[in-house]
Amino acid sequence: MFTKPSIYYILGTPNAGERDPLKLLEEALKGGISHFQLREKGMNALTGQSLKEFALKCQALCRKYGVPFIINDDVELAHELNADGVHVGQEDAKASDVRARVGDRMMLGVSVHSVEEAAEAIQNGADYLGMGPIYGTKSKSDAKAPSGVSKIIQVRERFPEAPVIGIGGITADNAEAVWEAGAAGIAVISAITEAGNVQEEVQKMVASYKGAIL
Ligand SMILES: Cc1ncsc1CCOP(=O)(O)O
Ligand SMILES: C=C1C=NC(C)=NC1=N
Ligand SMILES: [Mg+2]
């Protein structure tokens, strides 16, 4: 499910700005991302039928490259599209309710900020944990203060079997510390979305794992 180094691209149409989100996704897929999450939030976010149509196009692209298609927050859309996974935060639906709704087939990710939240998420059936923000981020308006990799280290010590995905301000240049903390993957929005060469940026992120002291 999360072979190291997992590069977990997250995108919503608001993040893409003037760029074509589907072109960004295809370039990232060609570059070798291992997971994609559609996170449609913020200014002018798509809703209803237009969101569903866009989600279907993203899902088709992911399927073409054999990469899991994960939907953020919207459990009903994930269920309707038979997505490969759904990701929820602490304020979203409770992980146990989501698991009950989507069944065991679908990957369930939960955002956690502490060992206690990690314990609860795992107890409730989480397949992986999203942890951050590691560094400063401009892509989440209500992000907590960056905490570096210390919390990832704590959770890894306590739950060595649980895949942890680091998130928040991660680039190819600062990813090494996240690998060294034991993360199974890095989740990225802007470093890939705003890259001059998207494919190359993804490849540099994969390469950053080899440089890490594990
Ligand atoms: C969704 C989310 N959760 C914590 S930080 C963040 C945004 C990550 O975006 P970026 O990779 O551009 O910092
Ligand atoms: C907030 C998040 C944390 N981690 C992941 C993987 N996705 C998210 N949307
Ligand atoms: Mg959420």
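The space taken by ligand 1 is the largest pocket of this predicted model, in which local features need pLDDT of at least 70, side-chain atom pairs count only at pLDDT 80 or more, and totals for chains, interfaces and linings use all residues. Residues are numbered from 1 along each chain as its sequence is written, chains are lettered from A and ligands numbered from 1 in the order in which they are written, and side-chain values use heavy atoms, with hydrogens and water left out. A pocket is an open set of points on a 1 Å grid over the protein atoms alone, where a 1.4 Å probe fits and protein lies on both sides within 12 Å along at least five of seven lines; a molecule sits in it if more than half of its atoms lie within 2 Å of its grid points.

**Ligands 1 and 2**

Around ligand 1 stand R39, T137, S139, K140, I167, G168, G169, V188, I189 and S190, where a residue counts as near if one of its heavy atoms lies within 4 Å. Oxygen atoms of ligand 1 make polar contacts, that is, pairs of N or O atoms within 3.5 Å, with the side chain of T137, with the backbone of G169 and with the side chain of S190. On its own ligand 1 has 370 Å² of accessible area, of which the protein covers 93%, as given by the Shrake-Rupley method with a 1.4 Å probe.

The space taken by ligand 2 is likewise described as the largest pocket. The shell of ligand 2 consists of Y8, I10, Q37, R39, N72, H87, S111, Y128, G130 and I167, and the strands β1 (6-11) and β6 (128-131) each supply at least two residues of it; strands are DSSP runs of E with at least two residues, helices are runs of H or I with at least four, and both are numbered from the N terminus. A nitrogen atom of ligand 2 is in polar contact with the side chain of Q37, and such contacts are also found for the side chains of N72 and H87. Taken alone, ligand 2 exposes 270 Å², and the protein buries 91% of that.

| Ligand atom | Protein partner | Distance |
|---|---|---|
| Ligand 1, oxygen | T137, side chain | 2.7 Å |
| Ligand 1, oxygen | G169, backbone | 2.7 Å |
| Ligand 1, oxygen | S190, side chain | 2.5 Å |
| Ligand 2, nitrogen | Q37, side chain | 3.0 Å |
| Ligand 2, nitrogen | N72, side chain | 3.4 Å |
| Ligand 2, nitrogen | H87, side chain | 3.4 Å |

**The magnesium ion**

Ligand 3 is a magnesium ion whose protein donors are D73 (OD) and D92 (OD), lying 2.1 Å from it; donors are N, O and S atoms within 2.8 Å of the metal (3.2 Å for Na, K and Ca), and because water is not among the atoms, sites may look incomplete. The two donors, 19 residues apart, link distant parts of the chain, with D73 in the loop between β3 (69-72) and α4 (75-81) and D92 in the loop between β4 (85-88) and α5 (95-102). D73 has a relative accessible area of 24% and D92 one of 26%, so that both are partly exposed, the class between buried (under 20%) and exposed (over 50%), computed with a 1.4 Å probe on protein chains only.

**Backbone exceptions**

Most residues other than glycine have a negative phi, and most peptide bonds are trans. The bond from K4 to P5 is cis, with omega near -10 degrees, and P5 is found in the segment before β1; the bond from G132 to P133 is also cis, with omega near 5 degrees, and P133 belongs to the loop between β6 and α7 (150-158). N44, not a glycine, has a positive phi of about 55 degrees and lies in the loop between β2 (35-38) and α3 (48-65), where it is exposed at 68% relative accessibility. N82 too has a positive phi of about 55 degrees; N82 lies in the loop between α4 and β4 and is partly exposed at 42%.

How values were computed: Polar contact = N/O pair within 3.5 Å; in protein donor to acceptor, adjacent residues only side chain to side chain. 1 Å grid on protein atoms, 1.4 Å probe; cavity = no way out; pocket = protein on both sides within 12 Å on 5 of 7 lines; lining within 4 Å.
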